[in-house]
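Let's take a walk through this structure together. Have the sequence and the 3D view at hand as you read.

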Amino acid sequence: MSTAPSARDRSGVVARLRAAGCVFAEDEARLLVASAGTPAELDAMVERRVAGLPLEHVLGWAEFLGLRIAVDPGVFVPRRRTEFLAGQATALAPAGAVVLDLCCGSGALGAALAAAVPGVELHAVDIEAAAAGCARRNLAAAGGQVYLGDLYEPLPAGLRGRVDVLVANAPYVPTESIGLMPPEARLHEPRVALDGGVDGLDVLRRVAAGAPHWLAPGGHLLVETSARQAPSTVEAVAAAGLRPRVVTAPELGATVVIASGPRS
Ligand SMILES: C[S@@+](CC[C@H](N)C(=O)[O-])C[C@H]1O[C@@H](n2cnc3c(N)ncnc32)[C@H](O)[C@@H]1O
């Protein structure tokens with residue numbers, strides 16, 4: 001009968017991960033050993049990690065603001081920097097807020113808001129079936145509605161003018177920079193999750209243009225961008241008739257544009 005992996009198995013795992021170039025071999029080994037039910041399962045998990053699969057895809061989950069978010073293969077892994085966007089959105093969401101998470105991926109942002117703000121009415125959209133399925137699982141406990149489709153297109157008409165907080169971590173990598181991304185992202189996350197077109201702002205522009213139709217009076221749009229793209233993101237948001245400002249968390253490498261909608 002197989003027994004759970006032991007501390008002795010762990011040192012072997014650390015050595016294999018180090019040899020494969022994993023920078024955080026000790027931390028990763030601890031998580032892998034804790035997740036595997038048997039030495040054979042551990043071996044298979046380490047094999048997948050050594051072959052280059054993101055740790056979160058091997059484990060099947062990512063930590064996001066202390067929450068365990070399920071992340072299926074082929075679904076974008078929520079990044080630490082996006083916790084900053086979640087925190088900014090939480091600060092603007094009153095109890096009972098209507099929250100829309102566009103380009104939701106695994107649903108990490110919506111889940112974080114639902115965990116932090118009592119009584120939110122949560123809606124989330126993704127264009128990829130794998131992401132929408134994953135978000136459905138992650139948001140079920142919060143009663144979140146997840147729609148499959150292109151940005152605002154699958155949303156119920158009754159949501160128009162009711163959204164208090166609209167968050168979007170849309171793809172914003174310029175097409176020609178995709179090749180410079182680490183292989184974990186480039187090879188294991190879908191292109192549609194990364195590629196934002198020539199200047200990286202194709203999807204963000206459409207998010208901004210649609211936002212005034214869906215925001216409640218006094219509602220807010222929050223989008224993640226990069227420091228370099230912040231001026232053009234501000235321009236896109238202002239062109240949609242919203243009032244943007246930029247907030248940053250340099251220690252996380254995070255830049256967020258927050259825009260207020262019309263007051264009435
Ligand atoms: C950068 S990932 C972010 C995922 C998630 N918000 C997060 O922070 O972990 C972008 C997501 O946008 C989705 N996406 C790309 N274009 C879209 C579109 N036109 N409509 C809806 N979702 C889209 C991708 O499938 C991907 O899941």
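What follows begins at the ligand and then moves to a few residues of interest.

Please keep in mind that this is a predicted model. A good place to start is the ligand, which sits in the second largest pocket. Around the ligand there are 17 residues, and those that come nearest are Cys-103, Asp-126, Asp-150, Leu-151 and Asn-169. Sorted by class, this shell holds nine nonpolar, four polar and four charged residues.

Now look at the polar atoms facing the ligand. A polar backbone atom of Cys-103 is 2.8 Å from a nitrogen atom of the ligand. The backbone takes part at Ile-127 too, where an N or O atom lies 3.2 Å from a ligand nitrogen. At Asp-150 the side chain is involved: one of its N or O atoms is 2.8 Å from a nitrogen atom of the ligand. How much of the ligand does the protein bury? On its own the ligand exposes 590 Å², and the protein buries 97% of that area.

Leu-151, one of the residues nearest to the ligand, deserves a second look. You will find Leu-151 in the loop between β5 (145-148) and β6 (163-168). Phi of Leu-151 is near 45°, a positive value in a residue other than glycine. Most residues other than glycine have a negative phi. Leu-151 counts as buried because its relative accessibility is 7%, under the 20% cut-off.

Leu-65 also has a positive phi, near 50°. Its place is the loop between β1 (61-64) and β2 (67-70). Is Leu-65 buried, partly exposed or exposed? With a relative accessible area of 44%, Leu-65 falls between the 20% and 50% limits and is therefore partly exposed.

Asn-169, another of the residues nearest to the ligand, leads us to Thr-82. The side chains of Asn-169 and Thr-82 are joined by a polar contact of 3.4 Å. Thr-82 also makes a side-chain polar contact of 2.8 Å with Glu-224. Thr-82 belongs to helix α5 (residues 82-92). Its relative accessible area is 4%, so Thr-82 is classed as buried.

Our last stop is Leu-113, in helix α6 (residues 108-116). With a relative accessible area of 0%, Leu-113 is buried. Which distance separates the C-alpha atoms of Leu-113 and Thr-90? The answer is 5.8 Å, although these two residues are 23 residues apart along the chain.

Terms used
Residues are numbered from 1 along each chain as its sequence is written. This is a predicted model: local features need pLDDT of at least 70, side-chain atom pairs count only at pLDDT 80 or more; totals for chains, interfaces and linings use all residues. Side-chain values use heavy atoms; hydrogens and water are left out. A residue is near a molecule or strand if one of its heavy atoms lies within 4 Å of it. A polar contact is a pair of N or O atoms within 3.5 Å; within protein, one must be able to donate a hydrogen and the other to accept it, and residues adjacent in sequence count only if both atoms are side-chain atoms. Accessible areas come from the Shrake-Rupley method with a 1.4 Å probe; for residues, only the protein chains shown count as cover. On a 1 Å grid over the protein atoms alone, a cavity is a set of points where a 1.4 Å probe fits but cannot get out, and a pocket is an open set with protein on both sides within 12 Å along at least five of seven lines; lining residues have an atom within 4 Å of a point. A molecule sits in a cavity or pocket if more than half of its atoms lie within 2 Å of its grid points. Ala, Val, Leu, Ile, Met, Phe, Trp, Tyr, Cys and Pro count as nonpolar, Asp, Glu, Lys and Arg as charged, and the others, Gly among them, as polar. Helices (H or I, at least four residues) and strands (E, at least two) are DSSP runs, numbered from the N terminus. Buried means under 20% relative accessible area, exposed over 50%, partly exposed in between (1.4 Å probe, protein chains only).
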